[in-house]
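Student: Could you take me through one part of this model up close? I'd like to see how the side chains meet where two helices come together, and then what lies around that spot.

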Amino acid sequence: MNNTPPSFFSRIAIAIGSFFAILGNGRLAADVQRVRGGERLAADVPPQEVRVEVPVEKIVEVRIEVPVEKIVEKTVEKRVEVPVEKLVEKLVEKTVQLPTETAALQLLGLLQREARFVDFIQEDVAPYTDAEIGAAARVVHEGCRKVLREHFALAPVRAEAEGSRITLQAGFDAAAVRLTGNVVGQAPFTGTLGHRGWQVTEVKLPQLTDTAAAKVLAQAEVEL
């Protein structure tokens, strides 16, 4: 605590402030009156040592022995028999279905053999007239149609006629039906059937004796 007496100007400021404070606070005025009467400030009174005796009870240590039972863990092995069908189903669910290229190569080979499909797609049709392209497209169309009829069984996804109004209930097969237009909210949805869709019900590809040969879509022709 700094005990240096304040300067003259500081005392003037303290006196003016104290004057208004004493006028507005009766308790402060009484404290000032006691100090002016010779009473010592609380900060100047040395602290008195107060000694308080607190009775302490005597602590007696008592040892109590509690019997503890020994716990023995027993492991019971239970044999659970799971049907083989269930195991197979779980294995199938976890198996990732990888696409096989053999079937795709077979299809391309059939389209090339019956419709010259690969030749038509690989050809640059820019130099040809529309009539020439149309004549070639007719051959490709007939050959592709023959391949589909002989090796695939096709059926429409929806039985309704195109242009009719249909309602799709909640839980409809999103893989078989594609919603277009302003799709807002939740099913049921009511709209116009723009295309019935196609789905394959049966595949009848020929059996291959040499899978490596399937990569040859069309043999090179050498005239002797």
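Tutor: Here's a walk through that part and then on to a few other spots. Keep in mind that this is a predicted model.

Let's begin with the core. The largest nonpolar core has six residues: Leu 110, Leu 111, Ala 115, Val 140, Cys 144 and Val 147. Two helices, α4 (101–115) and α6, each supply at least two residues of it. As a general point, nonpolar side chains in soluble globular proteins tend to be buried together. Zoom in on Cys 144 and you'll find Leu 111, Ala 115 and Phe 117 in contact with it, leaving aside residues up to four places away in sequence.

Now for the charges on these helices. Lys 146 and Glu 114 meet through their side chains in a salt bridge, 3.2 Å from N to O. Lys 146 sits in helix α6 and Glu 114 in helix α4, so this pair ties together parts that are 32 residues apart in sequence. Glu 114 has a second partner in Arg 113, with 3.5 Å from N to O. Put together, Arg 113, Glu 114 and Lys 146 are linked in a network of salt bridges. How exposed are they? Glu 114 counts as partly exposed because its relative accessibility is 26%, and Lys 146 is partly exposed too, at 38%. Arg 113, with a relative accessible area of 60%, is exposed. The general idea is simple enough: side chains of opposite charge can pair when their charged atoms come close.

Follow α6 (residues 130–151) along and you get to His 151. At 11% relative accessibility, His 151 falls under the 20% cut-off, so it counts as buried. What does His 151 touch, not counting residues up to four places away in sequence? The list runs Leu 110, Glu 202, Val 203, Lys 204, Leu 205 and Pro 206. Leu 110 is a name you've already met, as one of the core residues.

Back to salt bridges for a moment. The whole count comes to four, and one of them sits between Glu 160 and Arg 158, where the closest N and O atoms are 2.9 Å apart. Glu 160 is partly exposed, with a relative accessible area of 27%.

Next, the aromatics. A search of the whole structure turns up one aromatic pair. The rings belong to Phe 172 and Phe 189; their centres are 6.3 Å apart and their planes stand at 85°, so the pair is edge-to-face. Phe 172 lies in the loop between β2 (165–168) and β3 (189–192), while Phe 189 is in strand β3, so the pair ties together parts that are 17 residues apart in sequence. With 24% relative accessible area, Phe 172 is partly exposed, whereas Phe 189, at 17%, counts as buried.

Last stop is the surface. Ile 12, Ile 16, Phe 19, Phe 20 and Leu 23 make a nonpolar surface patch of about 540 Å². Phe 20 lies in helix α1 (residues 8–24), and at 55% relative accessibility it counts as exposed.

So, to come back to your two helices: α4 and α6 each put at least two residues into the core, and the Lys 146–Glu 114 salt bridge joins them as well.

How values were computed
Residues numbered from 1 in each chain as written. Predicted model: local features only at pLDDT ≥ 70, side-chain atom pairs only at ≥ 80, totals over all residues. Heavy atoms only, no water. Patch = residues over 30% accessible without salt bridge, like charges linked within 9 Å, V, L, I, M, F, W, Y side chains within 5 Å. Areas by Shrake-Rupley, 256 points an atom, 1.4 Å probe, with all protein chains shown as cover. Helix = DSSP H or I, 4+ residues; strand = E, 2+ residues; numbered from the N terminus. Buried < 20%, exposed > 50% of the residue type's maximum accessible area, 1.4 Å probe, protein only. Contact = heavy atoms within 4.5 Å. Core = buried A, V, L, I, M, F, W, Y, C linked by side-chain atoms within 4.5 Å. Phe/Tyr/Trp six-rings, centres within 6.5 Å; stacked < 30°, edge-to-face > 60°.
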